[in-house]
Amino acid sequence: MLNLSQNGCSVWVASSTKLARTPTAIALGKFDGVHIGHQKVIQPVLQSARGESGRGDREKLLENSPVHPSTLASSPEHTYSTVVTFDPHPQEFFTGQPRALLTPLDEKVQQLRSLGVEQLVLLPFDKELSALSPQDFVAKILVQQLKCQKISVGQDFCFGKKRMGTAQDLQILAAKYDIPVTIVPLQTDTGELPKNSNCINTEPIEDGRISTSLIRQTLESGDIQRANRLLGRPYTLTGLVIQGQHLGRTIGFPTANLQLPTDKFLPRQGVYAVRVVILSETPDNLPTQNLGVMNIGNRPTVNGTHSSVEVHLLDWFGDLYGKNLVVQLVKFLRPEQKFPSLEALKTQIQLDCTVAREILNPQC
């Protein structure tokens, strides 16, 4: 069991149903990305928890308490707003191949916390779980172990052995236990700009179902603006600044070399305009945000042999080693390319910085 908390707010993360806080109001799914569609599925269980009598007083108690909710006496009527997902990702289990994720565990917890989710339950996806019939999944997992009071799923949700159970089947099975099931319609991309879009023009596009697969495709193609719209927030890379080869300093553009989670999904290789949040080690200090240019790739001009993620902060001076950065991707600028000389590379980076300033300038 993990306890990831920040500023007094926390999400209880249970690695099995035995460690979960009960009773629960459950949003079921894989939730990789916690995109706009996922947020719609989660919404009903949040409303359920907020509707409880006495909930407001308990929330204030938790916010002002230095200890975790699990150490406090739970009021009998309280139902925990809970996201239930699978670990490892089912596709990884069936294929035996590691799967890069839009939101690795720590990042998923951060996003769920921002939505107000109280608990994340990771169901160990193994041979035993994958063999459960839809009926047994409901009876054993949802009813007996998680003491579920309410369920929310997406319209395309499937569960049980060979994905035989549908959202409608879940509704029928849960009704036998007097558990209401909300089936959330599929969300589509309308082509509208997200909030805080920094006035970047995006042409309306054809309607398409918002899904993790679509977001992965848009990131692979470098269409960051569409990916951000589907997510409802900027796609981010969060990592620790580690020692690099200091090549950027030799041409006047020092870069921070980021060490990312090994299972983090990387977008198209190339250069990006980004916003960078420097996380503070002391809770009392607010994170600082800077403008920057990021490169993902092998650095062919200097005969790089492995992929790296490097960020150059505009108008910033100081030591970033050992600090954690959150890099928000705003726009793809160009593919990575090999230049005939370091001087040519320097000229191109200067141009990249100029273009990035124009894109990231909040004034329209």
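Modeller: Let's start with a term we'll need: a crossing of two helices is right-handed if the near helix is turned clockwise from the far one by less than a right angle, and left-handed if anticlockwise. Keep in mind that this is a predicted model.

Colleague: Okay, which hand does the crossing of H6 and H7 have?

Modeller: The crossing of H6 and H7 is right-handed. On the H6 side, Pro134, Gln135, Val138 and Leu142 make the contact, and they meet Leu170, Leu173 and Ala174 of H7.

Colleague: And how do the axes of helix H6 and helix H7 cross, at roughly what angle?

Modeller: H6 covers residues 134-145 and H7 covers residues 167-175; their axes cross at roughly 55° and come within 10 Å. Two numbers like that are how packed helices get described: the angle between the axes and the distance between the axes.

Colleague: What makes H6 and H7 oblique to each other?

Modeller: Angles under 35 degrees would count as roughly parallel, and 65 to 115 as roughly perpendicular. The crossing is at roughly 55°, so H6 and H7 are called oblique.

Colleague: Phe137 is in there too. Is Phe137 buried or exposed?

Modeller: Phe137 lies in helix H6 and has a relative accessible area of 4%. The cut-off for buried is under 20%, so Phe137 is buried.

Colleague: Which residues does Phe137 touch, leaving out those up to four places away in sequence?

Modeller: Phe137 touches Leu28, Leu123, Leu129, Leu132, Leu142 and Phe159. As for Leu173, 36 residues apart from Phe137 along the chain, the two C-alpha atoms are separated by 9.9 Å.

Colleague: Now the cysteines. Why is Cys148 counted as buried?

Modeller: Cys148 has 5% relative accessibility, and buried means under 20%, so Cys148 counts as buried. Cys158 has a relative accessible area of 26%; that falls between 20% and 50%, so Cys158 is called partly exposed.

Colleague: How many disulfides does the count come to?

Modeller: A disulfide needs a pair of cysteine sulfur atoms within 2.5 Å, and the count by that rule comes to 0.

Colleague: On to the strands. How do you know that strand S4 is mostly covered?

Modeller: S4 spans residues 80-87, and 7 of its 8 residues are buried.

Colleague: What makes S4 a partner of strand S3?

Modeller: Pairing takes at least two bridges. S3 (residues 24-28) and S4 have 5 bridges, in the parallel sense, so they qualify as paired. Ala25, for instance, has Ser81 in S4 as its bridge partner. S4 is also joined to S5 (residues 119-124) by 6 bridges, again running parallel, and there Val83 stands opposite Leu120.

Colleague: Which strands make up the closed barrel?

Modeller: The closed barrel has 6 strands in the order S10-S11-S14-S13-S12-S15, with antiparallel pairing. From one strand to the next, the twist averages 45°. Strand S10 (residues 236-242) and strand S11 (residues 256-259) run antiparallel and are joined by 3 bridges; Ile242 has Asn257 in S11 as its bridge partner.

Colleague: Last one: why is helix H9 described as largely enclosed by the rest of the structure?

Modeller: H9 is residues 224-231, and 8 of its 8 residues are buried, so the helix is largely enclosed. Among the buried residues are Gln225, Arg226, Asn228 and Arg229. H9 lies across strands S12 and S15, running at about 130° to S15. Gly232 follows H9, with a positive phi near 85°.

How values were computed:
Residues are numbered from 1 along each chain as its sequence is written. This is a predicted model: local features need pLDDT of at least 70, side-chain atom pairs count only at pLDDT 80 or more; totals for chains, interfaces and linings use all residues. Side-chain values use heavy atoms; hydrogens and water are left out. Buried means under 20% relative accessible area, exposed over 50%, partly exposed in between (1.4 Å probe, protein chains only). Helices (H or I, at least four residues) and strands (E, at least two) are DSSP runs, numbered from the N terminus. Axes are lines fitted to C-alpha atoms, for helices over the stretch in contact, and angles run from 0 to 180 degrees between N-to-C directions. Contact means heavy atoms within 4.5 Å. Angles under 35 degrees count as roughly parallel, over 145 as roughly antiparallel, 65 to 115 as roughly perpendicular and the rest as oblique.
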